[in-house]
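This report describes selected strands, helices and residues of one chain. The sequence and the structure are shown first.

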Amino acid sequence: MFAWWGRVVVRFRWAVLAAALVLVAVGATWGAGVFGQLTGGGFDDPASESSRAVERITAELGPQGADLVVLWSSDATTVDQPAFRDPVAATVAGLRGRAEVTSVVSWYDTPAPGLVSTDRRATYAAVQLRASDEDGKAEAYEALRPALDAPGLRTEVGGTVAFLHEANTRTTEDITRAEILSMPVLLVLLVLIFGGLVAAATPLLVGGLAILGALVAVRLVNLVTDVSIFAINIITLIGLGMAVDYALFVVSRFREELAAGHDTAAAIRRTMATAGRTVLVSGLTIALAMGSLLIFPQAFLRSMGLGGMAAVLVAMLAALTVLPALLAVLGRRIDAVRVPMPWRRGARGGRPAAGETGGAWARIARSVMRRPVRYLVGVVLLLGLLAVPSLRMEFGGFDERVLPADAAPRVVSERIADEFPGGTVAPIDVLVSGADPTRVQGFADRIAAVPGVTGVRVVANRDASTLLTVGYPGEPTGDVAQDIVRAVRALPAPDGSEVLVGGRPAADRDLLDSLGDRLPWMALLMAAATLVLLFLAFGSVVLPVKAVLMNVISIGASFGVVVWIFQDGNFADLLGFTATGFIEPSNPILMLALLFGLATDYEVFLLSRVREEWDRTGDNTAAVTAGLQATGRIITAAALLLIIVVAGFATGSMSYIKLIGVGMIVAIVVDATLVRALLVPATMRLLGRWNWWAPGPLGRVYRRYGIRETTEPEPAPRHPASLLAR
């Protein structure tokens, strides 16, 4: 199948390249237009109680709550003095005349003690926007921001809308900066790996094609369903990373086949039959791993799943079509524009000749297989030690502390909590429907008696519907707020009425519950997809199970490091973040999908070469030795390139971007070194022929439906040199 595909691509190479140019043009024009059509937010479960509370409050009482919190303060005057009062009054009057604003509540209109700081040098106003959706609110905030400043006073803007706007803006800036920094470094490393500019440019070309093609795919999806802006974040990360990996695999194998004495057409056929097959299995596995995010009801996770699937599949297709077509045109000119590197003279690498077992990676493999138990125990103990902190991972919601300390929404939240009596920018909302004022008051008294509650007040009433807001100390994601949400929901509703609890603390609680309910199903889907695809690729039931276990070990080590750093606060000053004592759960869920797929990627590449040698020799030890010798350098290079792609994330200003960057770097390093170079060879040595075992019925399934070549590509004269290592 794959050799046949190589012949097809060679024959129609110019048509394939023309189609690629059309895709580039469409992606750069129509596809890039997706940026203006994607939605923001999407963090809530539409079926949760907090989401239903928002809908019912709006339907029964009209829009409620503060979208923006505008904090004015002065070091010289108090809120009672004209120099403070007059600018604020003028600003509030101007806001009430704006079409974007529904209402503004300030201390000068409603002299509530909670709206003035204890030193009386600061006050804030709650602004409600007219827009009903998150995108409309964000646009309104951008238009309103200059009108929020009061002359002569320090103005800082917080609240949910300002917080999300700041988070989205900084996230986009962080990812853009990471891409700008990574591209030149990638090019330099690719030149060092390949030794020539032409070969080094091919992975970047495939990466650009993968990103543009994914933008087209996401815009097509957006025609039938809403897609979050977070899809773009994952497209740039995994699209570029996987494209570079796949191009590295394909180009390296192509140059190896040329060095073995094949002409261009035969080299492409053999490359597609080997590296092409590996790319297909890897791409499908990673796409299915990202597809597991689609089971979550939150739009931002589903969108990242869609974006990741689009990026991986386009990168895979580009590596199987456009790249071999380009190689067919270039032929041996793939080595044009060589860069002299004295240390490479006489170097050897790539695929060993028959019976050849020399090289550093082969020596590592032989050392491991002479002492497999010792290596197995040592590596497992080390990874287990790294993974131990993950056992105490605590989950919490998404609050302003993910922003840098000087970000205005965070400053507003912290100042209101510290300087204002009973202050919070995100109270708990309690809707009581179907109760008269007397019963509502009795219910409010019971809420006030809940431990931790700092105050309960009626903020809206219409017919038999009443909205209560509940104050609490600390952060919306803190234990006190979460305990109060649980306690209020546990209170019996007044007779004949219905109670719904909403607000940011309740939304955080519902998010945690929703993600926790679906996480086991996500893990099951990823494991099942990996087991099936690896069985179809290698015809073994042992290797897929081992691959899943290896993935769990390497990901567990990564999660342990993430907990030790970001939950416990180690290196917080060095990395520039604020430890919250918990991990926002969507981050490890996204990491789980990404890392499970990436770990399987390296596993597939290594096992593919081992399987080739096993089929050729029938000697398990020799097959593992030759397989690691052939792939060790390329897997290490691929891991290094992927680390460069994600390294910029660790320098971002948003703590959750840092977390993803650090976690992925740790997982990639662990997987490409300890797991693939030591643990996998050790386990394969101990398993021996059992590596390739499958019961009879499954063996027949593999022979009929396996992802393999039905006939071997034509043999070639062996040649010990490799263009990869020139």
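## Strand E7 and its two faces

In this predicted model, the residues of strand E7 alternate between two directions: Ser465, Leu467, Thr469 and Gly471 point one way, while Thr466, Leu468 and Val470 point the other way, and all of them are buried. Because seven of the seven residues of E7 are buried, the strand is largely enclosed by the rest of the structure.

E7 has pairing partners in strands E6 and E5. With E6 the pairing is antiparallel and extends over seven bridges; within E7, Leu467 is the residue that stands opposite Ala460. The two strands E6 and E7 form a hairpin with two residues between them, and Asp463 in that turn has a positive phi of about 55 degrees. Strand E5 (residues 428–433) also runs antiparallel to E7 (residues 465–471), and six bridges join the two. Here Ser433 stands opposite Ser465 of E7.

## The sheet that contains E7

These strands belong to an open sheet of four strands, ordered E6-E7-E5-E8 and paired in the antiparallel sense. Its edges are formed by strand E6 (455–462) and strand E8 (498–502), each of which pairs on one side only. From one strand to the next, the twist averages 20 degrees.

Helix H16 (residues 479–490) packs on this sheet, where it touches E5, E7 and E8. The direction of H16 makes about 10 degrees with that of E5.

## A second four-stranded sheet

Another open sheet of four strands has the order E2-E3-E1-E4, again with antiparallel pairing. Strand E2 (101–105) and strand E4 are the edge strands, each pairing on one side only. The twist in this sheet averages 20 degrees from one strand to the next. As a general point, strands of a sheet pair through backbone hydrogen bonds, in either a parallel or an antiparallel arrangement.

The pairing of E1 with E4 is antiparallel and comprises five bridges. Among the paired residues, Trp72 has Thr155 in E4 as its bridge partner. Two helices are associated with the sheet. Helix H14 packs on it, touching E1, E3 and E4, and the direction of H14 makes about 95 degrees with that of E4. Helix H5 (residues 134–144) lies across E1, E2, E3 and E4 and runs at about 135 degrees to E3.

## Helix H14

Helix H14 (residues 408–419) has twelve residues, which at 1.5 Å a residue should span 16 Å; the end C-alpha atoms are 16 Å apart, so the expected and computed values agree. Which residues of H14 are buried? They are Pro409, Arg410, Val411, Val412, Ser413, Arg415 and Ile416.

The buried residues of H14 pack against strand E1 (68–73), strand E3 (122–129) and strand E4 (154–158), and also against helix H6 (160–194).

## Packing of H17 against H20

The axes of helix H17 (residues 504–538) and helix H20 (residues 586–617) come within 11 Å and cross at roughly 10 degrees. An angle under 35 degrees counts as roughly parallel, and H17 and H20 are therefore roughly parallel to each other.

On the H17 side, the residues that meet H20 are Leu515, Leu519, Met522, Met526, Ala527, Thr530, Leu534 and Phe538. Their counterparts in H20 are Ser586, Ile589, Leu592, Ala593, Phe596, Thr600, Val604, Leu607, Ser608 and Arg611.

## Two buried helix residues

Gly556 is located in helix H18 (residues 542–567). Its relative accessible area is 16%; the residue is classed as buried because this value is under 20%. Apart from neighbours within four places in sequence, Gly556 is in contact with Leu386, Ala387 and Ser390. The C-alpha atoms of Gly556 and Ala667 are separated by 8.6 Å, although the two residues are 111 residues apart along the chain.

Glu257 lies in helix H8 (residues 230–259). With a relative accessible area of 3%, Glu257 is buried. Its side chain makes a polar contact with the side chain of Arg270, at 3.0 Å.

Technical notes: Residues numbered from 1 in each chain as written. Predicted model: local features only at pLDDT ≥ 70, side-chain atom pairs only at ≥ 80, totals over all residues. Heavy atoms only, no water. Expected span 1.5 Å × (residues − 1). Buried < 20%, exposed > 50% of the residue type's maximum accessible area, 1.4 Å probe, protein only. Contact = heavy atoms within 4.5 Å. Polar contact = N/O pair within 3.5 Å; in protein donor to acceptor, adjacent residues only side chain to side chain. Pairing = 2+ DSSP bridges. Axes fitted to C-alpha atoms, helices over the stretch in contact; angles between N-to-C directions. Parallel < 35°, antiparallel > 145°, perpendicular 65-115°, else oblique.
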